[in-house]
Amino acid sequence: MKIRSIDVFQVTYSLLDQKYSWSNDLYITGVVSTIVRVSTDEGISGYGEVCPLGPAYMDAFAMGVPAGIAELGPALIGMDPLQLNLLNERMDLALGGHNYVKSPIDIACWDILGKVSGLPVATLMGGRYRDGVPPYRAISQRGPEEMAEDVLKYRAQGYRRFQLKVGGNPNEDIARIRACRAVLEPEDILVADANTGWLPHEAMRVVNGVRDVDVYIEQPCSSLQECLAVRKNTTLPFVLDEVIRGVVPLVEAYNLGAMDVVNLKISRLGGLTKAKAARDLCQSLGIAMTLEDSWGGDVTTAAIAHFAGSTRAEHYFTATDFNSYVDIEVAPDAPRMVDGLLPVPSGPGLGITVDESTLGAAIVSVS
């Protein structure tokens, strides 16, 4: 089997909640997502998706994906899509960095591998540990009372894990955390995610101001060193996200005792192949994980579901159902949360059927 062509489509999602805000006054009202189709000479195609959270979050932006694939794609034509490690080595040789460009191609090849073998991606990634996983709901940064109202709204829909977008004024963030924890039950999980938005002195004010609250602190500052300084001065459990850009930073953070949980974003790591390597290392080291991506729709959500469903329960912290945030369905049979659980598809590959009529015309085709 050989890769015959790579086609790139872009879909503009609007947010069902109109606006999503996080630290440093950043926000989106919609996102441009890239869906990639990898086709083979045997008539089997696979799909992948990457959706940067606007141009200011991570080293990624929507219009960079088509340009990157136009540069990278010719080096992959004629390769066997089932040889995932070889494919990733070729991508790294052909294009330095730009992991987010490589991610949807890698995901699409996992989809092809599953369709060829007749097995779900979760099985191929090590084994299907369960049929569904509890996702978290991200709570857009607003006033404390408004965020608490949002927590209650989404809790009524079945969510029991919540990620508050903080990283603003420390006094307001302390009030946000306290207001949201007050409306939750003891078994619910609350994460205060600053997305690198605090300076160290601000982060210290917040962790001291909520030291009696049952809350996780996620990525308070921009560097590992700054985050570690904050961690050393709090007993609250700690999550690292933006600084985890690969296996080497993950090992460095582990050796420093810098976190209790890590956030593994598929596109930041370069696709499911590299995300699986990081995931398996975390399982060996005893690190809990949030398994997700920067944003996305049905294809991304399916990939996350397989990634999470093939992770040991004791190392699973949470995951994301991004298709619940956006207005367009590109795969009607994609997993969607039911009774508090995101189902892990059981069909071959990603286990979804992409409706190509929703994608429009390809904006880049490599063959």
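Of the 367 residues of the protein chain, what percentage count as buried? The figure is 59%. Keep in mind as you look around that this is a predicted model, so every value here is computed from predicted coordinates.

Let's start with the chain as a whole. You will find 12 helices and 16 strands in the protein chain. Laid along the principal axes, the C-alpha atoms fill a box of roughly 60 × 40 × 35 Å. For a compact globule of 367 residues one would expect a radius of gyration near 21 Å, and the 20 Å of the protein chain agrees with that. The accessible surface of the protein chain comes to about 13,500 Å², and carbon and sulfur atoms account for 51% of this surface. Contacts that reach along the sequence are also worth a look: taking those between residues at least 6 apart, 72% join residues at least 24 apart.

Now to a pair of helices. Helix H1 covers residues 64-72 and helix H3 covers residues 99-117. Their axes are 9 Å apart, and the two helices pack at an angle of about 75°. Because angles of 65 to 115 degrees count as roughly perpendicular, H1 and H3 are roughly perpendicular to each other. On the H1 side, the contact is made by Gly 64, Val 65, Gly 68, Ile 69 and Leu 72; H3 contributes Tyr 100, Val 101, Lys 102 and Ile 105. Sorted by character, the residues of this contact divide into 6 nonpolar, 2 polar and 1 charged.

From here, let's turn to the loop between strand S2 (20-21) and strand S3 (27-28), where Asn 24 has its place. Leaving aside neighbours within four places in sequence, Asn 24 is in contact with Gly 167 and Gly 197. For a sense of distance, Arg 205 is 181 residues from Asn 24 in sequence, and the two C-alpha atoms are 17 Å apart in space. Asp 25 lies in the loop between S2 and S3 as well. What is the phi of Asp 25? It is near 60°, a positive value in a residue other than glycine. Most residues other than glycine have a negative phi. Asp 25 has a relative accessible area of 72%, and because the exposed class begins over 50%, Asp 25 is exposed.

A second residue with a positive phi is Gln 219, at about 35°, although Gln 219 is not a glycine. This residue sits in the loop between strand S10 (216-218) and helix H8 (224-231). Is Gln 219 buried or exposed? With 0% relative accessibility, Gln 219 counts as buried, since buried means under 20%.

A little further along from S3 comes the loop between S3 and strand S4 (30-40), which holds Thr 29. Thr 29 has a relative accessible area of 46% and is therefore partly exposed. Beyond the neighbours within four places in sequence, Thr 29 is in contact with Ser 14, Leu 15 and Gln 18. Gly 54 is 25 residues away from Thr 29 in sequence, with 9.7 Å between the two C-alpha atoms.

Next, find the loop between strand S8 (161-165) and helix H6 (170-182), where Gly 168 lies. Which residues is Gly 168 in contact with, leaving aside its neighbours within four places in sequence? They are Gln 141, Asp 173 and Trp 198. Leu 190 is 22 residues from Gly 168 in sequence, and 17 Å separates them in space, C-alpha to C-alpha.

Our last stop is helix H11 (residues 272-285), home to Ala 275. Ala 275 has a relative accessible area of 0% and is therefore buried. Not counting residues up to four places away in sequence, Ala 275 touches Leu 264, Ile 266, Leu 269 and Phe 307. Asp 241 is 34 residues from Ala 275 along the chain, and their C-alpha atoms are separated by 13 Å.

Technical notes: Residues numbered from 1 in each chain as written. Predicted model: local features only at pLDDT ≥ 70, side-chain atom pairs only at ≥ 80, totals over all residues. Heavy atoms only, no water. Axes fitted to C-alpha atoms, helices over the stretch in contact; angles between N-to-C directions. Helix = DSSP H or I, 4+ residues; strand = E, 2+ residues; numbered from the N terminus. Parallel < 35°, antiparallel > 145°, perpendicular 65-115°, else oblique. Contact = heavy atoms within 4.5 Å. Nonpolar A, V, L, I, M, F, W, Y, C, P; charged D, E, K, R; others polar. Rg over C-alpha atoms; globule rule 2.2 N^0.38 Å. Buried < 20%, exposed > 50% of the residue type's maximum accessible area, 1.4 Å probe, protein only. Areas by Shrake-Rupley, 256 points an atom, 1.4 Å probe, with all protein chains shown as cover.
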